[in-house]
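Hello,

Here is the structure for you to look over. My notes on it follow below.

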Amino acid sequence: MFTFTCKLFYNSHAVGKDGMVTLYISVYIGIAKARHQRKNFNLSLRWPVKYVDLKKNRVKSRFKGDTDASDYNMVIMSELSKINEVAKIYRLTDRVLTIEILERELYYSNIKKSVIGFMTVIRKERYRNGEIVERTYKNHLGTINAIKEFAPKLTFSEIDEKWIRSFANFLRKRNNHNTVWTRIKILNSYLRIAIADFNIYVDESVFKYKIKPEYRESVYLNHKEVKRLINIIDFSLTKTQLNVLKAFLFCCFTGIRISDVYKSQYNWMVSENFIRFTMQKNKSRRPKTIMIPLIPIAKSLITNIQGGFFDLPTEQEYNRTLKELARYADIKKNLTSHVARHTFGYLFMTRVGNLFALEKTLGHSKISTTEKYAHLDDDYNLRSTMRIQDDFEDQIMIKKML
């Protein structure tokens, strides 16, 4: 628990020659078994010192009908109210309040009503803190713009299951099913942040509305296509093309997400054959550290022996470069950064065939997620099924001879 006071304040040693002083809200927080904290929040207001009443937390009129005094008092009371409201919420929820937390709460106080304002600020903060990658950062803007078009003045108090359904119907008029699913999923993620991190009330019925993505056939490269990519390493590639190619192949042989490759560091190496790191995905909410094998061909692709593994362009240019490399290697498939992870799943299953080992290597929490990466093509299925016949070859030959 903590003790708390806030009141109007001015520095008596900083009275101007004109008799004016700068007004502050002085906050004191006393925390058990810790040093007390004090902070003066500048109101950006100046008033004659002889007309300031600190006991009543107000300024006095300088003359009859002084409208400025009324306006100033409204600002003072509004700021005092904001600060006291934060303290009340933290006390009622039995959480410790510090000056740092109070500053953060006040910073966000102006966006707690506007859903668009909240998502805009939090999106930038998450990207700045490395919680989301550039591609995700851009995808989230699409959701913000969709909400802005549907309900530009949307507040948290307006959102419930009925509103979510209306928003989904609005999205369906111009988007495919999976885009609608993505937009709703992104919105829900920000609503959960608002609830968990900012104590903003959101009607829980919003999460009752369920929409599932439609299954799409995943793109992956087979053994021949991977070999064709390896072969163009000797082509006259630009430095960027070569770096992107090596990074993509590295992902094909390790299963690492591109977001992790961008954050890769040589100190991830815990031995010659293993790297250990905390995955970028869900790092801020559910951090997960994994250790994966590093086979020789993957290790040979690393371009830097200190710092990051690869010198890569932006993700947008990375994916654009993959299209160029696909043409050079005569690959007709649509290459994106995530194709490499699916390719690893295919290579692993066609050579190892252990779904549970693949789950651990990819860092999945559920085997159902891993199954989507366990691609098996028709040729492999035929070869695998033909092995059943191997045990009966002698009998088949005898029958033919009879």
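**Salt bridges**

E79 is partly exposed, because its relative accessible area is 25%. K82 is also partly exposed, at 28% relative accessibility. The two side chains meet in a salt bridge, with N to O at 3.6 Å. Both residues sit in helix 1 (residues 67–92). They are three residues apart there, about one turn of the helix. Please keep in mind that this is a predicted model.

A search of the whole structure gives 10 salt bridges. One of them joins E149 and R174, with the closest N and O atoms 2.5 Å apart. E149 belongs to helix 4, while R174 is in the loop between helix 5 and helix 6, so the pair ties together parts that are 25 residues apart in sequence. R174 counts as partly exposed because its relative accessibility is 48%.

K332 and D330 also meet through their side chains, at 3.0 Å from N to O. How exposed are these two partners? K332 counts as exposed, at 73% relative accessibility. D330 counts as partly exposed, at 44%. The cut-off explains the split: exposed means over 50% relative accessible area, so K332 passes and D330 does not.

There is also a network. R62, D66 and D68 are joined into one by salt bridges that share partners.

**Aromatic pairs**

The structure holds 19 aromatic pairs. F9 and Y24 make a tilted one. Their ring centres are 6.2 Å apart, with 55° between the planes. This pair links distant parts of the chain: F9 is in strand 1 (residues 2–9) and Y24 is in strand 2 (residues 20–31). The separation is 15 residues. F9 counts as partly exposed, at 26% relative accessibility. Y24 counts as partly exposed too, at 23%.

Next, F250 and F310. Their ring centres lie 5.4 Å apart and their planes meet at 65°, so the pair is edge-to-face. F250 lies in helix 8 (residues 239–252). F310 lies in the loop between helix 10 (296–301) and helix 11 (315–328). The pair therefore ties together parts that are 60 residues apart in sequence.

Are F250 and F310 buried or exposed? F250 counts as buried, at 0% relative accessibility. F310 is buried as well, with a relative accessible area of 9%. Buried means under 20%, so both residues qualify.

F250 and F310 also belong to a cluster linked by ring pairs. The other members are Y266, W268, F277 and F309.

**Helix 4**

Helix 4 covers residues 134–150, 17 residues in total. From its first C-alpha to its last it reaches 25 Å. That is close to the 24 Å expected at 1.5 Å a residue.

Which residues of helix 4 are buried? They are Y137, H140, T143, I144, A146 and I147. What covers them includes helix 3 (115–128), helix 5 (161–172) and helix 6 (177–198). Helix 4 also carries E149, the partner of R174 described above.

**A nonpolar surface patch**

V270, F274 and M291 form a nonpolar patch on the surface. Together they have about 260 Å² of accessible area. Where does V270 lie? It is in the loop between helix 9 (258–262) and strand 6 (274–278). V270 counts as partly exposed because its relative accessibility is 46%. A patch residue needs over 30% relative accessible area, so V270 clears that bar.

**The chain as a whole**

The protein chain has 16 helices and seven strands. Its length is 402 residues, and buried residues make up 41% of them. Now the contacts between residues at least 6 apart in sequence: 60% of these join residues at least 24 apart. The chain exposes about 23,600 Å². Carbon and sulfur atoms supply 52% of that area.

Where to look when you open the file: E149 and R174 for a salt bridge between helix 4 and a loop, F250 and F310 for a buried edge-to-face pair, and V270, F274 and M291 for the nonpolar patch.

Best wishes

Note on methods: Residues are numbered from 1 along each chain as its sequence is written. This is a predicted model: local features need pLDDT of at least 70, side-chain atom pairs count only at pLDDT 80 or more; totals for chains, interfaces and linings use all residues. Side-chain values use heavy atoms; hydrogens and water are left out. Patches are made of residues with over 30% relative accessible area and no salt bridge: like charges are joined within 9 Å, nonpolar side chains (Val, Leu, Ile, Met, Phe, Trp, Tyr) within 5 Å. Accessible areas come from the Shrake-Rupley method with a 1.4 Å probe; for residues, only the protein chains shown count as cover. A salt bridge is a side-chain nitrogen of Lys or Arg within 4 Å of a carboxyl oxygen of Asp or Glu. Helices (H or I, at least four residues) and strands (E, at least two) are DSSP runs, numbered from the N terminus. Buried means under 20% relative accessible area, exposed over 50%, partly exposed in between (1.4 Å probe, protein chains only). The expected span of a helix is 1.5 Å times one less than its number of residues. Contact means heavy atoms within 4.5 Å. Rings of Phe, Tyr and Trp (its six-membered ring) pair if their centres lie within 6.5 Å; planes under 30 degrees apart count as stacked, over 60 as edge-to-face and the rest as tilted.
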